[in-house]
Structures are given as C-alpha cells and as structure tokens.
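Please open the model in your viewer and keep the selection tool at hand, since this tour moves from one selection to the next and says what is found at each stop.

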Amino acid sequence: MKFMTAEPFRIKMVERVKKTTKEERQKWLKEAGYNAFKIKAENVYIDCLTDSGTSAMSSEQWAALMLGDESYAGSKSFFKLESSVQDIFGLPYVQPTHQGRAADYIMAKLYAKEGKYAIGNMHFDTFRGNAEVLGALAVDYVVDEGKDTTSPPQPFKGNIDINKMQCLIDEKGSENVSVVIITVTCNNNGGQPVSMQNIKEVSELAKKYNIPVVIDAARLAENAYFIQQREEGYKNKSIKEITREMFSYCETATMSSKKDGMVNIGGLFVTKNEDIFKMAQQLAIVHEGFITYGGLTGRDLEALAVGLQEGCDPHYLEYRINQVKYLGDQLEEKGVPIVRPTGGHGVYVDGRRFFPHIPQHEFPSQRLVTALYEEAGVRAVELGACAFGSKDPETGDPIWPEVETMRIGISRRVYTNSHMDVIANALGEIYKNRDNYKGLKLVYEGPIVSLRHFTAGFELL
C-alpha cells in the first residue's frame, strides 16, 4: 500500500455548488444579522458550519435504504441496527432517536438533577441547554492544556482532570454530583481525543462514589483511532476492539449518529442498565415514536447500521484524520493561529490570537466567521464568546469562556483537498489584513443563553 495514499473511495455523483460575488455575500451577511446559521445553504461555496449530518453516504448505504422496513413496531431494520450498535458499543440495550440532541434530552432527563453537578470534560451546547432548563449545574473539568489554545501539541487534550473532579466531590459531596459525561472527542477545544487511561480512571473514581458515567459518543471512531495511534498498548488493536473497551467503562452512551454514524439523520441512546433503558424507552415513546423506530424511518435505520461499520474502517479513518491535518498544516504555514494538534473533525482557529485587537466582548471568532464567508463564501462556526459565554445567575454580568475559537468543521467524504486549499488561502489573506477588521455588537439573544448562538443577531462596529 506504499503508493495508495489517495482517498479510499471514488466519486460516483457530484453536487453543483454556486459561486457568488463578494457584494452578494456582504448583502446576505447583513440580512442574516452576521450569523452564519441564518445564511441560505445555496449561497455557501464550501460549508464547514458543522460535520453533523453532512456526510456523503456510500453506495452500500444507498443500497441499504431500499431494504428499509417501515413497520411501526418490530421493524427488521431496527434489529439490523441493534446488532450493528451492539457490535461496536458492546452494550446490550439500544434505543434509536431522530437525532443526537433527542438522545441527549433523554439522557439529561434521566441523569441531570436540579441543583446537582454534571461533570464533563467540556459539555457541548445541547447538554448545556438541557442542564440550564432542568436546573442542573454543568461544570467543565478538561485538563488545563485543553483550555489553553496556545499550549503545545499533546496527544490527549480532551482528558478530564481527575484532581478537579475529586476536589468537587470532596467539597460538595458525592450525593450532589449526579453524572459524569465524557465527550469523545472533545468538541469545544478542537476535537481533541480522550485517552483510554483517562476514561478508565474517571470511571474508577466515579464508581467509588456511585456516580454514573455517560459517554457522548458522536465521534467514537475518531477517538478510537487517536487511541490506536497515540496510546501505548493499542497499536495492534482494531478500532472496534478499542470502542468496545471505551464503552465498557460507562453505564450509558449517547450518540449523534450524524457524525461517525455517517448518516444525515439519527441518534442513539445505548446502555447496560436495564432500568435506565426501560425509562429511556418510555421517554422515547412520548417524544420520538415507538421504540423500534425512534423517530427514524426504516430506511434511516438501515443506512445507520451500515454507516456505523464504515465509520470504523481504518483506511477511512486514516484519510479522515489526515485531511483535517492537511488543512491545519496549510494554515500553520501561513501563520494562522490554530489549536494544536488538529483533532478529528475540524480545525479550530484561535480568534483572540487571530484578532488580538478585538476584545472578547466584541466577538473576535464570530467576526472571523463573517470575514471568511465574506471573502470566500466559506461558512464556519464560532465556538467562543457567543456560543459558550454565560451570565452570572445573580448579577446577570457576562462570563466569558476560556476558549475562543472558530471551528472549520470538515464533512465526511464530501470535500477534496482542493477545497481545503481554498479555505487556507482565504484565511491566510484575511490574516495578512487582520488589522483592518473591527468587532461585532450583539443585538439579539434568545432566552436560553447557552443556545443563543443559533439565533443571535449582530451588527458591525
């Protein structure tokens, strides 16, 4: 395989993308309140807003769609999915949902308790939104290197700090910690992986105090690949051997299957706890549909059963991780400040270092999002002051996050490295002219602060 370094697939169908003028994009940005979520997809040249639900499905997945059993109850497509999930997770009880945030909602209802702490490496926006609604206290205990976008490369910047976890338990009492959630990979700080050793240590500490452990498994295969490549003792283990060990240390896992499940819609709630499973089924019936379709068509179930297996293919994962690295290397060559090392699903640009003259309350990463779209028609997303900012519950004063980035999420099997070159060249040009940019003013936010970035409105300063 010495010379077989190209993508492990060939292109069978193409989708036209529209080229637009800078004047048009400036107009659309203003109409969207400088929020990339509100820009029409047809007006985007390269869409890096998210890697969620944007994968290109394989010929095997498209063929599987035709086998979909649309029975309301007992669909044979469900049992194919159940078998595929059990093979990868090693957990017995499987409840599909229409997408990841539905599984997240079920998990939050069962594990997040009012006035009690939910420990995580870095909670993402949907769980944080659920916690805010339910009155739970979500705390982020990622290792210090994982919070510092200037820190040198380390293999597992997504790890939970065991000492911080122990200190909270000692200070608040284990009875006031309702759950520990390990997100693999850690989305907020660059798609950084979590080591098997850390997963095991977190599980052991939680078990000591009878605290349940949940794994947010949206990018389970990417995390397993990093463990295989970086952690001692795993080089000769298969991806599925690694995933099964990962989930052996948790009670429950949730998954947005729109990531490493390689599908456009779908989610999973998977557990080893039969009592939890029975409660999850009841919530699924109320909010999703009957337990064997969970808000999905039989066609979706079939595609997901295949996609989960394809996402664990080592040749695909090698290509996937290296494409993200390719973009990161290009940006570093141009001096663009990024989180290092690059993670599994995207490159994260440090907004504060990119625009050092724009203070955090003027949203430097969101300004970078708008600049990238304005100049090149490339849509990315802010993960900084707007997405992860919060407010003091007593005074209402803003609390600014430690990590301030723009994420360039790379869709799976969708773009070529020529598209990566476009992104790198555009950002390199913006970086050369960075002193010409001013910040943004937040003029609208919704009632749930942790979800405000989806609908926020801005004005140029």
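## A tour of pockets and surface

Begin by selecting helix 2, which gives the most to the lining of the largest pocket, with 3 residues. Keep in mind throughout that this is a predicted model, and that every value quoted along the way is computed from it.

With helix 2 still highlighted, turn to the pocket itself, whose volume is about 1500 Å³. A lining of 37 residues surrounds this largest pocket, and if you select M13, A56, M57, R413 and V414 you will have those closest to its centre. Next, add helix 13 to the selection, for helix 2 (59-65) and helix 13 (314-333) are the elements that give two or more residues to this lining. If you then colour the lining of the largest pocket by residue class, you should find 15 nonpolar, 9 polar and 13 charged residues.

From here, move on to the second largest pocket, which has a volume of about 910 Å³. Its lining is made up of 26 residues, and the ones to select for a view of its centre are R128, A138, D140, F388 and S390, which are the closest to that point. Which elements give two or more residues to the lining of this second largest pocket? They are helix 5 (125-134), strand 4 (137-140) and strand 12 (390-391), so named that you can select each by its range. Of these, strand 4 deserves a selection of its own, because the largest share of the lining of the second largest pocket, 4 residues, comes from this strand. Coloured by class as before, the lining of the second largest pocket divides into 15 nonpolar, 5 polar and 6 charged residues.

Now leave the pockets and show the molecular surface, selecting F9, I11 and V14, which together make a nonpolar surface patch of about 310 Å². Within this patch, pause at V14, which lies in the segment before helix 1 (22-31). Is V14 buried or exposed? Its relative accessibility is 71%, and because exposed means over 50%, V14 counts as exposed.

For the last stop, follow the chain to K40, which sits in the loop between helix 1 and strand 1 (46-47). K40 has a relative accessibility of 55%, and therefore it too passes the cut-off of over 50% and counts as exposed. Finally, select W28 along with K40 and draw a line between their C-alpha atoms: the two residues are 12 residues apart in sequence, and the C-alpha to C-alpha distance in space is 8.5 Å.

Notes:
Residues numbered from 1 in each chain as written. Predicted model: local features only at pLDDT ≥ 70, side-chain atom pairs only at ≥ 80, totals over all residues. Heavy atoms only, no water. 1 Å grid on protein atoms, 1.4 Å probe; cavity = no way out; pocket = protein on both sides within 12 Å on 5 of 7 lines; lining within 4 Å. Points joined across faces, edges and corners; volume = space filled by probe spheres on them. Nonpolar A, V, L, I, M, F, W, Y, C, P; charged D, E, K, R; others polar. Patch = residues over 30% accessible without salt bridge, like charges linked within 9 Å, V, L, I, M, F, W, Y side chains within 5 Å. Areas by Shrake-Rupley, 256 points an atom, 1.4 Å probe, with all protein chains shown as cover. Salt bridge = Lys/Arg side-chain N within 4 Å of Asp/Glu carboxyl O. Buried < 20%, exposed > 50% of the residue type's maximum accessible area, 1.4 Å probe, protein only.
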